[in-house]
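Colleague: I should like to go through this model term by term. Please set each value against the definition behind it.

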Amino acid sequence: MTGEVFLPDALAAAETALVLGLTPRQVMAAMPQCPPVPGRAELLWQGMGRAILRDYAHTPDALERILRSLRRVHRGRLLLLFGCGGDRDRQKRPLMAKAAARWADGIIITDDNPRNEAAEAIRREITAGLPKNARWREVPGRRQAIEQTIAMMRQGDLLLLAGKGHEDYQIIQNKTIPFDEKEIVTEILKSGRIPWKNCHCEK
């Protein structure tokens, strides 16, 4: 799935390699060996007809691009969980919501790196951009939001955790705390708290 999402990037890389003098045979041989980029349409878990990805998209344009790409390759329900960073461009917050509503079937608004802003105020500025027909919920606390969203996933669902990507921390006020979504998703799925029928939740 992630390979299909980033096909345009792969083609651009192949074209660059050809311009630099590599042969088509060399390029074709090298492509399967390219490792995925951490935090870029990164598959965290797949099983029981469900999949969970993370991506660093934290601007309206980046969010729209990843959601549009996922729409091309995924036929089931597309869920999106995201927030916006504090002490950063406030004007993008409602625009992120509009991009989310355009492509996602379900939206979970939560926290990113609130920094020195009130997390509730940031979420309020995001939700101001949601159209009336959007299907969304607000869940304070990113870890809690991730667990609640995973628990409500149905067969055929794809969940995108957007905004933090490869980051392994969260900034709240002046504190930087460990927060690696890959580890968090793994812990949640192995905890036994997920009510999916017969869920052993191994990747």
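The exchange below takes up the chain, its sheet, a helix pair and one loop residue.

Modeller: This is a predicted model, in which local features need pLDDT of at least 70 and side-chain atom pairs count only at pLDDT 80 or more, while totals for chains, interfaces and linings use all residues. Residues are numbered from 1 along each chain as its sequence is written, and side-chain values use heavy atoms, with hydrogens and water left out.

Colleague: Why is the protein chain called as compact as a globular protein of its length?

Modeller: The chain has eight helices and eight strands, where helices (H or I, at least four residues) and strands (E, at least two) are DSSP runs numbered from the N terminus. Its radius of gyration, taken over C-alpha atoms, is 18 Å, and the globule rule gives 17 Å for 203 residues. That rule is 2.2 Å times the number of residues to the power 0.38. The two values are close, so the chain is as compact as a globular protein of that length. Along the principal axes, the C-alpha atoms fill a box of roughly 55 × 45 × 35 Å.

Colleague: What makes strand 1 and strand 2 a pair?

Modeller: Two strands pair if DSSP finds at least two bridges between them. Five bridges join strand 1 (residues 42–47) to strand 2 (residues 50–55), and the two run antiparallel. Within this pair, L43 has L53 as its bridge partner, and E42 stands opposite R54. The two strands form a hairpin with two residues between them, and M48 in the turn has a positive phi of about 55°.

Colleague: Why are strand 1 and strand 5 said to stand at the edges?

Modeller: The open sheet has six strands in the order 1-2-6-3-4-5, with mixed pairing. Strand 1 and strand 5 each have a single partner strand, so one side of each is left without a neighbour in the sheet. From one strand to the next, the twist averages 15°.

Colleague: How do you know that both faces of strand 4 are covered?

Modeller: A residue is buried under 20% relative accessible area, exposed over 50% and partly exposed in between (1.4 Å probe, protein chains only). In strand 4 (residues 106–109), G106 and I108 on one side and I107 and I109 on the other are all buried. Strand 4 also pairs with strand 3 (residues 78–82) in the parallel sense over four bridges, and L80 stands opposite I107.

Colleague: Why are helix 4 and helix 5 called roughly parallel?

Modeller: Helix 4 (residues 60–73) and helix 5 (residues 92–103) pack at an angle of about 10°, with their axes 9 Å apart. Angles under 35 degrees count as roughly parallel, over 145 as roughly antiparallel, 65 to 115 as roughly perpendicular and the rest as oblique. The two helices are therefore roughly parallel to each other. Among the residues that meet are L63 and L67 in helix 4 and L95 and W103 in helix 5.

Colleague: What makes P140 partly exposed?

Modeller: P140 has 43% relative accessibility and so counts as partly exposed. Its place is in the loop between strand 5 (136–138) and helix 7 (142–151). Not counting residues up to four places away in sequence, P140 touches T110, D111 and R123, contact meaning heavy atoms within 4.5 Å. P140 and A119 are 21 residues apart in sequence and 7.9 Å apart in space, C-alpha to C-alpha.

Methods:
Axes fitted to C-alpha atoms, helices over the stretch in contact; angles between N-to-C directions.
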